[in-house]
Amino acid sequence: MKVEVGTIVNTHGIKGEVKVKSNSDFTDVRFQPGEILEVEPKGKLPLELTIASYRMHKGFHMLTFEGINNINDIEYLKGETLLQEQEHSDIELAEHEYYYSDIIGCTAFVEDEPLGRVTEIFETGANDVWVVKGEKEYLIPYIEDVVTDIDVAGRRIQITPMEGLLD
């Protein structure tokens, strides 16, 4: 099964480097040189890209791909989603660890009332923060005191909000 690992948001320089916004977990493994990503450009056949180099720059993941050495060879992929096989031999999940793709799309509940769906996850350094969109948008920290139960198969997350979290 393929999962979204990022979106090409722009090119960088003239030698084919791209700026990627991560939609994924384990980017330190997923974006290493030699890893294969897939792009499915609209109206074109899927394209496999092998990562040639990886670095971080101003909060973005900067990638180059084997065989692409010119901005003109990659510019048409701006806005495209990067995919990768979910099962990765180097990634072992510990207890209470989940793939982003397992969490995004789940419905968050407070008691038995739906709060909204998880639409995005971003890293803050201390913990991940889940963006939950319902009637309003909520930023839910992924910490044990707040996220009390996750049922990936049932696509359900139980939230016990801290004081002021949902105001």
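**Notebook: arginine 30 and the largest pocket**

I looked first at arginine 30, whose side chain makes a polar contact with the side chain of glutamine 84 at 2.9 Å; such a contact is a pair of N or O atoms within 3.5 Å, where within protein one must be able to donate a hydrogen and the other to accept it, and residues adjacent in sequence count only if both atoms are side-chain atoms. I keep in mind that this is a predicted model, in which local features need pLDDT of at least 70 and side-chain atom pairs count only at pLDDT 80 or more, while totals for chains, interfaces and linings use all residues. Residues are numbered from 1 along each chain as its sequence is written, and side-chain values use heavy atoms, with hydrogens and water left out.

I then followed the side chain of arginine 30 to the backbone oxygen of glutamate 85, which it reaches at 3.4 Å. Is arginine 30 buried or exposed? It counts as buried because its relative accessibility is 0%, and buried means under 20% relative accessible area (1.4 Å probe, protein chains only).

I placed arginine 30 in helix 1, residues 27-30, and noted that the protein has two helices and twelve strands, which are DSSP runs (helices H or I, at least four residues; strands E, at least two) numbered from the N terminus.

I turned next to the protein as a whole, where buried residues make up 41% of the 167 residues, and where the C-alpha trace spans about 55 × 35 × 30 Å along its principal axes.

Note on methods
Buried < 20%, exposed > 50% of the residue type's maximum accessible area, 1.4 Å probe, protein only.
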